[in-house]
Amino acid sequence: MKKPIMKFLLATTLTLLMTISAGWSAGAGSFASFWVQFQASVAKGDKEAIAGMTKFPFAYGGRLLSKGDFIKAYGEIFSGTKCLAKAKPVKADDRESFSVFCGSLIYVFEKVNGEYKFTDTGEND
């Protein structure tokens with residue numbers, strides 16, 4: 001009698017865990033794939049690919065950058081690429097946004113028109 005109950009409880013627990021996991025993955029899944037692409041592009045120094053994943057105009061250094069200005073400022077914006085390769089994104093509680101903390105900089109990614117984009121940098125104080 002104990003075996004059927006144990007099997008039922010185990011199956012119920014596994015189903016519950018998979019449901020919870022699937023719910024989190026659905027929200028973070030599209031960012032997870034974006035993040036893998038973004039990291040790979042930064043590692044390769046692929047400025048065009050990164051610009052394609054960025055929302056313009058891009059606010060940086062007190063000015064609004066066009067795509068061309070962004071590509072020119074790439075070396076300054078991504079001076080900490082080693083950190084980005086290891087960094088773990090942190091999801092915001094109140095919106096579809098992730099932040100990546102690299103030393104004194106925070107890289108911000110938000111959902112724009114249904115897809116994630118690199119939207120901002122800030123000081124990590």
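**Entry 1: the cysteines.** I looked up Cys 102 and found that it counts as buried, because its relative accessibility is 9% and the cut-off for buried is under 20%. The model I am reading is a predicted one. I then looked up Cys 83, which counts as partly exposed at 28% relative accessibility. A disulfide joins Cys 83 to Cys 102, with an S to S distance of 2.4 Å. I noted that the count of disulfides comes to 1. Where do Cys 83 and Cys 102 lie? I found Cys 83 in helix 5, residues 81–86, and Cys 102 in strand 4, so the disulfide ties together parts that are 19 residues apart in sequence. I also checked the torsion about the S-S bond of Cys 83 and Cys 102: it is about -95°, so the disulfide is left-handed.

**Entry 2: the sheet.** I followed the strands next. There is an open sheet of 4 strands in the order 3-4-5-6, and the pairing is antiparallel. Its edge strands are strand 3 (90–91) and strand 6, each of which pairs on one side only. I looked at strand 5 and strand 6 together and found 8 bridges between them, in the antiparallel sense. As one bridge to look up, I took Ile 106, whose partner in strand 6 is Gly 122.

**Entry 3: the turn at Asn 113.** I went to the loop between strand 5 and strand 6, where Asn 113 lies. Asn 113 is not a glycine, yet its phi is positive, about 50°. Is Asn 113 buried or exposed? I put it down as exposed, because its relative accessibility is 80% and the cut-off for exposed is over 50%.

**Entry 4: the core.** I looked up the largest nonpolar core and noted that it has 25 residues. Among those with the most contacts inside it are Phe 38, Phe 70, Phe 78, Phe 109 and Phe 118. Several elements each supply at least two residues of this core, including helix 1 (2–44), helix 2 (47–52), strand 5 (105–112) and strand 6 (115–123). The largest share, 5 residues, comes from helix 1. I then picked out Phe 38. Leaving aside neighbours within four places in sequence, Phe 38 is in contact with Ile 50, Met 53, Phe 78, Phe 109 and Phe 118.

**Entry 5: a proline.** Last, I looked up Pro 57, in the loop between helix 2 and strand 1. The peptide bond from Phe 56 to Pro 57 is cis, and I noted its omega as near 0°.

Note on methods:
Residues are numbered from 1 along each chain as its sequence is written. This is a predicted model: local features need pLDDT of at least 70, side-chain atom pairs count only at pLDDT 80 or more; totals for chains, interfaces and linings use all residues. Side-chain values use heavy atoms; hydrogens and water are left out. A nonpolar core is a set of buried Ala, Val, Leu, Ile, Met, Phe, Trp, Tyr and Cys residues joined through side-chain atoms within 4.5 Å. Buried means under 20% relative accessible area, exposed over 50%, partly exposed in between (1.4 Å probe, protein chains only). Contact means heavy atoms within 4.5 Å. Two strands pair if DSSP finds at least two bridges between them. A disulfide is a pair of cysteine sulfur atoms within 2.5 Å.
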